[in-house]
Structure formats: C-alpha cells, structure tokens
Amino acid sequence: MTAVLQIGDRTINLDEIIPLLKQYGMLPQLLKEIVIDNATASIELSEEEVQKAYKQFYQQQQLGDEEQLQAWLKSRGWEREQLEYLVTRTLKLEKFKQETWGTKLESYFLQRKEKLDKVIYSLIRIKDIAIAQELYFRVQENEQPFAELAREYSQGPEAQTGGLIGPVELGVPHPILAKMLLKSQPGQVLPPTRLGDWILIVRLDNFIPAQLDAATQQRLLNEQFEAWLQGEIASAIKDGKLSVDNSTQS
C-alpha cells in the first residue's frame, strides 16, 4: 500500500482517502471543487481580464511587492506556478455562469419574481379570536392606530416595532400569509385569519416590485449555478463512481 500522507505517528494510505473524506464530511466539498474545475476548464480569458484579476487579487490580499507575494505563497504552501490558477479561477467561474445561464436570466426572473417582490406590512398576532375581531373593528373604525394596538396586543416580536415588518421578500413569510399580502392593496386591513395556532390581522403597507438589476442578475446566476452544482455532486455520490485506482501502487 502506498502511503500518501504522514500526520504525526499516523500514516494515511491511498485507499483510506475517500473513506476519510466521507467520515469528516469533506467529500462534497472536494467534489464541488472538481466539478467547478471541470466546468471551467475550457473557459478562456483575455490578457486584459487576467491582468485585471491579478490587480484585484493583489489589492484584496494587500500585496505590494514580490517579497510580500512570496511570503503569502509560503504561508499557504503554494508554488508560484499555482498562482494563476488561484487568481483566475473565480473569474472563469463567473464567465461559465454567464455563458451557461446568462441568456435565460429574464425568463428565470419572471418565474421567481413573485417571491422576489418585497412588501412592508403590519401584523398583529394573537390566539383569541374574539379579541382579534374586536381589534379588527377598532382599526376599521379608526378608533386606535394599528401600531398602538400591535404594541399592546400582538404576541410576537413585531410588537416591539408596532407590528411593522419589512421590507421582506414574499418568499420569506409563510406561504399563506404571502398569498394574503399578494392579493392585498396598500392600506388594506385584512379580517382576522387563522394560521396555525395564531389569529392574524394583517395590513399591507407597501409593495416593492423586484427589478432585474445587476445585483438580482448575479443572485439569479448564483441560484442556477448552485442548483446545477448540487445536482452534479448528488449524481456523483449516488452513482457510486468514487474509487481509488490502486493499479499504480507498489
């Protein structure tokens, strides 16, 4: 058996590597990095892109000269030849995402938009239906401000803010509550509604439509990439194509 790693008095053999990776929960991370390397292997960068990547890397690591760079590499056990791989890997990955899913962003955004739209709303939650109905009528008749009633009666953390919640994406609240808000008009107070153990009185204060801006584009690219990546990792583990080739061992 070929020893590949010596740690203290323990020798790690080649055929122990995969079982140890599984045992320590590190196998998915290794697979992730390998899948990314395979996916980005054919991605080409221009000289200008490479130089820009190096500049950003030096700035991020606060490296001002060759001596500082060599010290940085030594502290991590890296060779100079490995530096370009490190510097350009993130840029190649972003180009891979853009080339793979960039043209599909608009349609994906439309699929996700309902959960990306944001709302600001006010909430009172209590467990007594009779009290809930009384509070609802007080709000409807403008006898007391919603915020005042929320501070006095609401039994959730929103009582500290006068019932005010948000802005939050519509994918965050409970689906039933999100549906209620989606069908509401700003300023509309909804009648008491049971949700689990709670009785809710809800008012939509503001609706903020999602925009396909640069930040949202990056987020959607990352979502699609992560879904694809997890699928690739799951397939590799499920297929059981993880083994050590011992044919070269002496």
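The legends below describe an overall view and several close-up views of one predicted model.

In this predicted model, local features need pLDDT of at least 70 and side-chain atom pairs count only at pLDDT 80 or more, while totals for chains, interfaces and linings use all residues. Residues are numbered from 1 along each chain as its sequence is written, and side-chain values use heavy atoms, with hydrogens and water left out.

**View 1. The whole chain, with its ten helices and six strands.** Helices (H or I, at least four residues) and strands (E, at least two) are DSSP runs, numbered from the N terminus. The C-alpha trace spans about 85 × 45 × 35 Å along its principal axes, and the radius of gyration of the chain is 28 Å, where a compact globule of 250 residues would have one near 18 Å. That radius is taken over C-alpha atoms, and the globule rule is 2.2 Å times the number of residues to the power 0.38. Of the 250 residues, 34% count as buried, where buried means under 20% relative accessible area, exposed over 50%, and partly exposed in between (1.4 Å probe, protein chains only).

**View 2. The largest nonpolar core, a set of 20 residues.** A nonpolar core is a set of buried Ala, Val, Leu, Ile, Met, Phe, Trp, Tyr and Cys residues joined through side-chain atoms within 4.5 Å. The residues with the most contacts inside this core are F96, L220, F225 and L229, and at least two of its residues come from each of α2 (27–40), α5 (83–101), α6 (105–116) and α10 (214–239). Leaving aside residues up to four places away in sequence, F225 touches I36, L93, F96, K97 and W101, a contact being heavy atoms within 4.5 Å.

**View 3. A second core, and a cis peptide bond in strand β4.** Another core, of 15 residues, lies apart from the largest one and includes V119, I165, V168 and L204. The peptide bond that joins G166 and P167 is cis, with omega about 5°, and P167 is found in strand β4, which covers residues 164–169.

**View 4. Two loop residues, Q62 and N142, with positive phi.** Q62 sits in the loop between α3 (47–61) and α4 (66–76), and its phi is near 55°, a positive value in a residue other than glycine. Because its relative accessible area is 69%, Q62 counts as exposed. N142, which is not a glycine either, has a positive phi of about 55°, and its place is in the loop between α7 (129–140) and α8 (146–153). N142 has a relative accessibility of 69% and therefore counts as exposed.

**View 5. T11 and A236, each shown with a residue distant in sequence.** T11 lies in strand β2, which runs over residues 10–13, and its relative accessibility of 34% is why T11 counts as partly exposed. Along the chain T11 and Y153 are 142 residues apart, and their C-alpha atoms are separated by 65 Å. A236 belongs to helix α10 and, because its relative accessible area is 23%, is partly exposed. Between A236 and D128 the separation is 108 residues in sequence and 52 Å in space, taken from C-alpha to C-alpha.
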